[in-house]
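Subject: Structure handover

Hi,

As promised, I am passing the structure on to you. Please open it alongside this message, and my notes follow below.

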Amino acid sequence: MFDQCKEWFHNRHDYAREWKARGRGKVLGYFCSYAPEEIIYAAGALPVRILGAHETEDVTERHIVGMYCPFCRDVLAQGLLGRYGYLDGITLSQSCLHLRQSFFSWKLHVPVEFAHNILMPHGTQTPQAVPYLRDELQEFIKALENWTGRRIGDSDLEEGAALINRNRQLMQQIYEWRKGSQPKLTGLEAMYMVLSSQVTDKREHNQELERILAELPNRRIDRPTGIRLIMVGSENDDVAFVEMVETNGSTVVIDEHCTGSRYFWNLVDGDRGRDILTRIAERYVKRPACPSKDWPKRNRFPHIKQLAREYGAEAALLIQQKFCDPHELEIPALRAELEAEGIKTYMFEFDTTVPVGQFKIRFEAFMEVLKSEELPF
C-alpha cells in the first residue's frame, strides 16, 4: 500500500531531476524541517529536504568539525560528492550549530544559484518570536522574488499554505490508524510516508495519501503488533533501523522527531481575515519544538507523554544522533518523566554511517528485558 512512498524516498534524486526536466520550476534544497515550505511553493519552486546517504565518507574533514553530528557531516558529504547537483538553491531555517555549518560549507564549496539563511529564533517562547520570524520570512520572500523573478503575493502564500496544510491533515488522519490494538500500518510505512512528503511535490503526494486513506479502513496487516513503541529524538531517516525493530517483536506506533510527526503536527491558521505571513510564522514558532528551541519551559515533554498515552506506547526508544547536544541534554529528564508514566526507555546513540547490526543486538536485549518486565538499569 505504501510502495509508492517507498519508491519516492529511495529514488528521490531521480524524482527531483524529472520534476525539474518537465520545466515545472526550480528545486530548492532545505536542511531543516523549520524551512517554510508554504513560501517555497508560493515562489513556484519544489522544496526538497537534504538528507544523508548512510555511507562512510571522507570528504568533510576539511570542512566541518569531527565532533559535529554524523548526520550533518553525511548531509554535507552529499553536496560535496555532487549527489544534489540538480539543486538550484539551498536554504536553512536556523536550527542547530551543526547544520548551520553544513549549510555555510555547502554555500562556499558547492555551486548553487541561491543560498539564504532564515534566522529562525531559538527563543520561540518569547512574545517577540512571531513578529521577529515574520520579518525574517519577509526577507526570505524578497530574496526568492529577486532569484526567481516572480512576485509572491498574499494569494500565492494562501495557496501554498492550503496545499501544505492538506498534506499535514492527510498524514495526521493516516497516523490515527496506528492507535488501535491492530494498527493498520507499520512504523516503517509511516516513516516512508513522511520522508517521501519531504522530497516530492505535495500535489502528487496528497493524491497518493488520499488513495491510501480510502483503502486503510479495510486493510489488515498479517503480523502481530507485539510491544508498542514510541520513538523519540533527533533526525531519523534510518529505515533499516526501523525495519529491524519491527522484525523483532514490536511495532513503532508513534514517533516524535523532525522526520516524523514533529514535521507535520500543526497547521497554519486558516483564518484569511488575518495576515497570512503572521499565520505562517505562528505555525513554525508554535509547532512541536526541537530541543534547541524548547526553553526555558520544556513544552515537548507533555506533548510526548500525551502521544505515548493516545497511541498506547508501552516502551520508548530515545534516538540521539551522536554529538547532538540539544537532544543529549534532555534525554535524562525525558527518561525520568516517561518511566514515571510506566513507559520503559532505552537510548540509542546513532551514527548514520554505522550498520544496523550493532543496534540489533542491543535492541534484542532490550526486548528480552521488556518481556521479563524488568528495568534495564
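E158 and R272 form a salt bridge, with their closest N and O atoms 3.6 Å apart. The two partners come from distant parts of the chain: E158 sits in helix 7 (residues 154-176), while R272 belongs to the loop between helix 11 (261-264) and helix 12 (276-286), 114 residues apart. E158 counts as buried because its relative accessibility is 11%, under the 20% limit. R272, in contrast, is exposed, with a relative accessible area of 59%. Please keep in mind that this is a predicted model.

Two further salt bridges are worth a look. K20 pairs with D88, and their closest N and O atoms are 2.8 Å apart. K20 lies in helix 2 (residues 12-21) and D88 in the loop between helix 4 (70-80) and strand 3 (89-93), so this pair ties together parts that are 68 residues apart in sequence. Here K20 is partly exposed, at 28% relative accessible area, and D88 is buried at 8%.

The other one joins R219 to E189, again with the closest N and O atoms 2.8 Å apart. R219 is in the loop between helix 9 (202-215) and strand 5 (227-233), and E189 is in helix 8 (residues 187-197), which puts the partners 30 residues apart. Both R219 and E189 are buried. There is also a network, in which R22, R24, D201, R203 and E204 are joined by salt bridges that share partners. The count for the structure comes to 29 salt bridges. As general background, side chains of opposite charge can pair when their charged atoms come close.

Now for the overall build. The chain has 15 helices and 8 strands. Its radius of gyration is 20 Å, which agrees with the value near 21 Å for a compact globule of 377 residues. Along the principal axes, the C-alpha atoms fill a box of roughly 65 × 50 × 45 Å. Buried residues make up 59% of the chain. Of the contacts with a separation of 6 or more, 75% are between residues 24 or more positions apart.

Next, the sheets. One is an open sheet of 4 strands in the order 2-1-3-4, with parallel pairing. Strand 2 (46-49) and strand 4 (114-118) stand at its edges with a single partner strand each, so one side of each has no neighbour in the sheet. Neighbouring strands of this sheet are turned by 25° against each other on average, direction ignored. Strand 1 (residues 27-30) and strand 3 pair in the parallel sense over 3 bridges, and L28 has G89 in strand 3 as its bridge partner. Helix 5 lies across strand 3 and strand 4, and runs at about 155° to strand 3.

Another open sheet of 4 strands has the order 6-5-7-8, also with parallel pairing. Its edge strands are strand 6 (250-256) and strand 8 (344-350), each of which pairs on one side only. The twist from one strand to the next averages 25°. Strand 5 and strand 7 (residues 315-321) pair in the parallel sense over 5 bridges, and I230 stands opposite A316 in strand 7.

Which residues touch the most other members of the largest nonpolar core? They are W106, F241 and L317, in a core of 121 residues. Helix 6 (residues 129-148) gives this core its largest share, 9 residues. Leaving aside residues up to four places away in sequence, L317 touches L229, I230, M231, V232, F241, V245, Y346, F348, F363 and F366. In soluble globular proteins, nonpolar side chains tend to be buried together.

Lastly, helix 4. This helix is mostly covered, with 10 of its 11 residues buried. The buried set includes charged residues, R73 and D74 among them, along with F71, V75 and L76. Helix 5 (97-109), strand 7 and strand 8 are included in what covers the buried residues of helix 4. Just after helix 4, G82 takes a positive phi of about 85°.

Have fun with it, and write back whenever you like.

Best wishes

Technical notes: Residues are numbered from 1 along each chain as its sequence is written. This is a predicted model: local features need pLDDT of at least 70, side-chain atom pairs count only at pLDDT 80 or more; totals for chains, interfaces and linings use all residues. Side-chain values use heavy atoms; hydrogens and water are left out. A salt bridge is a side-chain nitrogen of Lys or Arg within 4 Å of a carboxyl oxygen of Asp or Glu. Helices (H or I, at least four residues) and strands (E, at least two) are DSSP runs, numbered from the N terminus. Buried means under 20% relative accessible area, exposed over 50%, partly exposed in between (1.4 Å probe, protein chains only). Two strands pair if DSSP finds at least two bridges between them. Axes are lines fitted to C-alpha atoms, for helices over the stretch in contact, and angles run from 0 to 180 degrees between N-to-C directions. A nonpolar core is a set of buried Ala, Val, Leu, Ile, Met, Phe, Trp, Tyr and Cys residues joined through side-chain atoms within 4.5 Å. Contact means heavy atoms within 4.5 Å. The radius of gyration is taken over C-alpha atoms; the globule rule is 2.2 Å times the number of residues to the power 0.38.
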